[in-house]
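Me: Here is a model I would like to go through with you. Let us take it point by point, with short answers.

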Protein chains: 2
Amino acid sequence: MNRTELIGQIRNKRSYLCVGLDTDFDRIPKFLQSRPDAIVAFNKAIIDATKDYCVSYKINTAFYEAMGLKGWAAMEETVNYIPSTHLKIADAKRGDIGNTSAQYAKAFFETLAFDAITVAPYMGADSVQPFLEYKDKWTIVLGLTSNKGAKDFELQKTDGQYLYEKVLKTVSSWGTPENLMFVIGATQAEEFTNIRKILPDHFFLVPGVGAQGGSLSEISDKAMNSDCGLLVNASRAIIYAAENESFATEAAAIAQQYSTEMSQYFS
Amino acid sequence: MNRTELIGQIRNKRSYLCVGLDTDFDRIPKFLQSRPDAIVAFNKAIIDATKDYCVSYKINTAFYEAMGLKGWAAMEETVNYIPSTHLKIADAKRGDIGNTSAQYAKAFFETLAFDAITVAPYMGADSVQPFLEYKDKWTIVLGLTSNKGAKDFELQKTDGQYLYEKVLKTVSSWGTPENLMFVIGATQAEEFTNIRKILPDHFFLVPGVGAQGGSLSEISDKAMNSDCGLLVNASRAIIYAAENESFATEAAAIAQQYSTEMSQYFS
C-alpha cells in the first residue's frame, strides 16, 4: 500500500486508527479458548467488528511466537484475513546486519503479506536499508518509544541533542516519506511538537494510547499534518474490551469511539 | 546452561567456538535441496560434524522466518537436536516494551528450548529485564556490532563517550556476568581492549570472524579473561565450506581449524 492509498483510506474514514492484534491466548474469552482455532477465530471476529473504524492492523509478532509453530500459523492466517484496504503492520522490531535484515524483509514482505514492519535502529544504515528496497512497503523505525526505558538511551543527549532526535534525522536520510515512518510513543506528548518540526512530512505510528495512558487529543493537536501523518494504535483497550460473548461488539464500540474522536480533529 | 557449566565445556574442549546456523535454502548443497527436510538434514549433518570442536550453536532466526511456517518448524527441530552440552543461542535481536519482551522471552526460553537470546538495547531497561528473569538463561545484548552501520549510532559520542560504551555500562547494571553477555563484533578489534576494561568479567559473543573478516588472534589476545570470556562465532565460513556431498566433512575441517587455533590461546 503506497502513501496516496493510505492517505485516501484515512480521508475516506476520517480515522487514523490502527488496531493492535496483541492476541494473548490467556486473555481471549474463555468460550473461545477450547476451539483449536481460538486465536484466529478471535482475530477474525475483532477484524470483522472493527474494520470500518480503522485503517490499519498491527500484529505484534511476540504474542504469536510465544505460541510456537501454531502461533506462527495463526499470524499467517490473520494477516491473510486483513482486508487489502487496511495497512498490515508487522510489529516485529527486527534489525540485523545487511544480509540478515534482507532475510527478515523477505520473511515479512514476501513470505508473509505485510505492508510494513517495525525496525530497531541501533545497528545503523545497513540494518535498515534492505527493508527500504521493497516498493510500496513501509519501514517503521523506532524513534521515541512509549515505555519507561526510553529514558535510558533514547532520551540521553548526544552532540547536544537527544539520541532519538539524532535517530530521526539520520534515518530519515535513508528513505523518503513514501517508504519510511517512525514509531513515536503517545506517552511522550511533550516531545511531539519538536518531533513534527524535525520531520514535517513523515507518518508516525503512535502506540501508547489506551492501556499505556497517552492522550489522543494532545497527540493529534501537536502532530497532525496536512496529510494526517499519524497512525494511532490501540491494542488492549480495544481487543480486550470485554471477556464475554460480546467481546467483538464491545471492541467495535471502543474502536468507534476512537474513530469518532479522530474525525473531529480533521480540518 | 549456567556460567560454571559453560566455562567447564570451554576448558574441556579448549575451544570457544560458536557455529552459526544461518541456513539459507539457496546455499545448501543441491543434492539436499530436493529433500522435504532439506534444512533440518543440513543442520543435523553440520551439528554432527562440528560438535566436538565447538561449545555453542547460534541459530539466526531471520533465515528460518524467511521460509515461513516450515522454517519455524525447522528451527524448532534444529534447536531440539543440538546436544545439551552446547549453549543454544537464538540470534533474534528482539526487544520491545515490557509485556511484549516477556512474550519474546517465553517464545525462546519456554516454547523453544534456547539457552540464550540476542536482544537490542535501544528501548532501555524494561525491554531487556523480562529476559533476565529466567534462571540459567542468558540475555546477550548488542554492544558494538560488526557491521558498517555501527558507525551511525553505536560509535557516536554521548556524554563524551561512545553510545556503545554507555550501553555496556548501563545494561551491565541490569544483570550480572551470570546472566548477561554482550555482542561485540570481531571487526571492531581496535575497541576490544577498552571494552574488556569496561567489562572485565562478562562473556562476549563475537561474530564477524570468517566471512566478515575479523581476526581471531587479535580478538583473543585483547579480550580473553581468566574464564575465557569469549564465544567466537563463525557461520558462513563453516557451514558453506563446500557445496558438494562432503560439505559436512569440510565444515568439520574448518571448525577444527578454528578450535585448534583457539586451543593455543589458553594459558
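Me: Is A:Cys228 buried, partly exposed or exposed?
Reply: This is a predicted model. Buried means under 20% relative accessible area. A:Cys228 has 3% relative accessibility, so this residue counts as buried.

Me: Where in chain A is A:Cys228 found, and what is its phi?
Reply: A:Cys228 is found in the loop between α10 and β10 of chain A. The residue is not a glycine, yet its phi is positive. The value is near 85°.

Me: B:Asp136 also has a phi worth a look; what is its value, and is the residue buried or partly exposed?
Reply: B:Asp136 is not a glycine but has a positive phi of about 60°. The residue lies in the loop between α7 (125-132) and β5 (138-144) of chain B. Buried stops at 20% and exposed starts over 50%. The relative accessible area of B:Asp136 is 35%, so the residue is partly exposed.

Me: In what order do the strands of the chain A barrel run?
Reply: The barrel is closed and has 8 strands, with parallel pairing. Neighbouring strands are turned by 30° against each other on average, direction ignored. The order is β1-β2-β3-β4-β5-β8-β9-β10.

Me: Which residue of β10(A) is the bridge partner of A:Val19?
Reply: Strand β1 (residues 17-21) and strand β10 (residues 230-234) of chain A pair in the parallel sense. They do so over 3 bridges. In β10(A), the partner of A:Val19 is A:Ala234.

Me: What angle does helix α10 of chain A make with β10(A)?
Reply: Helix α10 (residues 216-223) of chain A packs on the sheet. The helix touches β9 (203-206) and β10 of chain A. Its direction makes an angle with that of β10(A) of about 165°.

Me: Which residue stands opposite B:Lys58 in β3(B)?
Reply: Chain B also has 8 strands that close into a barrel, with parallel pairing. There, 5 bridges join strand β2 (residues 56-60) to β3(B), and the two run parallel. Opposite B:Lys58 stands B:Ile89.

Me: At what angle to β3(B) does α6(B) run?
Reply: α6(B) lies across β3, β4 (116-119) and β5 of chain B. Its angle to β3(B) is about 155°.

Me: What rotation superposes chain A on chain B, and what kind of axis relates the copies?
Reply: The rotation is 180°, with 0.0 Å of shift along its axis and an RMSD of 0.0 Å. The two copies are therefore related as by a two-fold rotation axis.

Me: Which residue of chain A has the C-alpha nearest the axis?
Reply: The same surface serves both copies, as 100% of the contact residues of chain A recur in chain B. In chain A, the nearest C-alpha lies 2.0 Å from the axis. The residue is A:Thr158.

Me: Why does the salt bridge of B:Asp96 and A:Lys93 join two chains?
Reply: The two side chains meet at 2.8 Å, N to O. B:Asp96 lies in the loop between β3 (87-94) and α6 (98-111) of chain B. A:Lys93 lies in strand β3 (residues 87-94) of chain A, so the pair joins chains A and B.

Me: Are B:Asp96 and A:Lys93 buried or exposed, and which residues do salt bridges that share partners join into one network?
Reply: Both B:Asp96 and A:Lys93 are buried. Salt bridges that share partners make one network. It joins A:Lys58, A:Asp91, A:Lys93 and B:Asp96.

Me: What is the N to O distance in the salt bridge of A:Arg35 and A:Asp37?
Reply: A:Arg35 is partly exposed, at 40% relative accessible area. A:Asp37 is partly exposed too, at 33%. Their side chains meet in a salt bridge with an N to O distance of 3.0 Å.

Me: How many residues of helix α7 of chain A are buried?
Reply: Helix α7 (residues 125-132) of chain A is mostly covered. Its buried residues, among them A:Val128 and A:Phe131, pack against β3, α6 (98-111), β4 (116-119), β5 and β8 of chain A. Of its 8 residues, the number buried is 7.

Me: What span should helix α3 of chain B have?
Reply: Helix α3 (residues 38-50) of chain B has 13 residues, at 1.5 Å a residue. Its end C-alpha atoms are 18 Å apart, which agrees with the expected span of 18 Å.

Definitions and conventions: Residues are numbered from 1 along each chain as its sequence is written. Chains are lettered from A and ligands numbered from 1 in the order in which they are written. This is a predicted model: local features need pLDDT of at least 70, side-chain atom pairs count only at pLDDT 80 or more; totals for chains, interfaces and linings use all residues. Side-chain values use heavy atoms; hydrogens and water are left out. Two strands pair if DSSP finds at least two bridges between them. Helices (H or I, at least four residues) and strands (E, at least two) are DSSP runs, numbered from the N terminus. Axes are lines fitted to C-alpha atoms, for helices over the stretch in contact, and angles run from 0 to 180 degrees between N-to-C directions. Contact means heavy atoms within 4.5 Å. Copies are superposed by least squares on the C-alpha atoms of residues with pLDDT of at least 70 in both. The expected span of a helix is 1.5 Å times one less than its number of residues. Buried means under 20% relative accessible area, exposed over 50%, partly exposed in between (1.4 Å probe, protein chains only). A salt bridge is a side-chain nitrogen of Lys or Arg within 4 Å of a carboxyl oxygen of Asp or Glu.
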